[in-house]
Amino acid sequence: MIHPNEEIMQKAIDLAKNENSDVGAIIVKDGKIIAEAVTTIDKEKDPICHAEINAIKIAAKKLGSKKT
């Protein structure tokens, strides 16, 4: 399967590699990256600190979500 934006996918892979993580996640809004994160389960000692959840938290904060 080819992702519609291979550049963003490669950035997520590189992010994970650079941070010594299994997974990197990137959130894009209107064609711009608004959040990048990696899995931090071991570091944070928190089983829900998956890259996707971490990225969502960062994006919500940047977007001014009242749910954070």
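A nonpolar core is a set of buried Ala, Val, Leu, Ile, Met, Phe, Trp, Tyr and Cys residues joined through side-chain atoms within 4.5 Å. Keep that in mind, and here's a quick tour of this predicted model. The chain has three helices and two strands, and they come in the order α-β-β-α-α as you read along the sequence. Its largest nonpolar core is made up of seven residues: Ala25, Ile34, Ala35, Ala37, Ala51, Ala55 and Ala59. Strand S2 and helix H3 (51-63) each put at least two residues into this core.

**The chain as a whole**

- Measure the C-alpha trace along its principal axes and you get a span of about 30 × 30 × 20 Å.
- The chain has 68 residues, and 28% of them count as buried.
- About 5400 Å² of the chain is exposed, with carbon and sulfur atoms supplying 53% of that area.
- Take the contacts with a separation of 6 or more: residues 24 or more positions apart account for 23% of them.

**The two strands**

- Strand S1 covers residues 24-29 and strand S2 covers residues 32-38; they run antiparallel, and six bridges join them.
- Want to trace the pairing by eye? Glycine 24 stands opposite valine 38 in S2, and alanine 25 stands opposite alanine 37 in S2.
- Alanine 25 and alanine 37 also both belong to the seven-residue core.
- S1 and S2 make a hairpin, with two residues between them.
- As a general point, side chains in a regular strand alternate between the two faces of the sheet.

**Helix H3 and the core**

- H3 has 13 residues, which at 1.5 Å a residue should span 18 Å; its end C-alpha atoms are 18 Å apart, so the two agree.
- The buried residues of H3 are Ala51, Asn54, Ala55, Ala59 and Ala60.
- Those buried residues of H3 pack against both S1 and S2.
- Three of them, Ala51, Ala55 and Ala59, turn up in the largest nonpolar core.
- Alanine 59 is a good place to look: leaving aside neighbours within four places in sequence, alanine 59 is in contact with Ile27, Ile34 and Ala35.
- More broadly, nonpolar side chains in soluble globular proteins tend to be buried together.

**Where H1 meets the strands**

- Alanine 16 sits in helix H1, which covers residues 6-18.
- Alanine 16 counts as buried because its relative accessibility is 6%, and the cut-off for buried is under 20%.
- Setting aside residues up to four places away in sequence, alanine 16 touches Ser21, Asp22, Val23, Gly24 and Val38.
- Alanine 16 and valine 38 are 22 residues apart in sequence, yet their C-alpha atoms are 6.0 Å apart in space.
- Serine 21 lies in the loop between H1 and S1.
- Serine 21 is buried too, since its relative accessibility is 15%.
- With residues up to four places away left out, serine 21 touches Ala16, Val38 and Thr39.
- A polar atom in the side chain of serine 21 lies 3.2 Å from the backbone nitrogen of threonine 39.

**Spots with a positive phi**

- Aspartate 30 has a positive phi of about 55°, although it is not a glycine.
- You'll find aspartate 30 in the loop between S1 and S2.
- Aspartate 30 counts as exposed because its relative accessible area is 72%, where exposed means over 50%.
- Lysine 45 is another residue other than glycine with a positive phi, near 55°.
- Lysine 45 lies in the loop between helix H2 (41-44) and H3.
- Lysine 45 is exposed as well, because its relative accessibility is 72%.
- Glycine 64, just after H3, takes a positive phi of about 75°.

How values were computed
Residues numbered from 1 in each chain as written. Predicted model: local features only at pLDDT ≥ 70, side-chain atom pairs only at ≥ 80, totals over all residues. Heavy atoms only, no water. Pairing = 2+ DSSP bridges. Helix = DSSP H or I, 4+ residues; strand = E, 2+ residues; numbered from the N terminus. Buried < 20%, exposed > 50% of the residue type's maximum accessible area, 1.4 Å probe, protein only. Contact = heavy atoms within 4.5 Å. Polar contact = N/O pair within 3.5 Å; in protein donor to acceptor, adjacent residues only side chain to side chain. Expected span 1.5 Å × (residues − 1). Areas by Shrake-Rupley, 256 points an atom, 1.4 Å probe, with all protein chains shown as cover.
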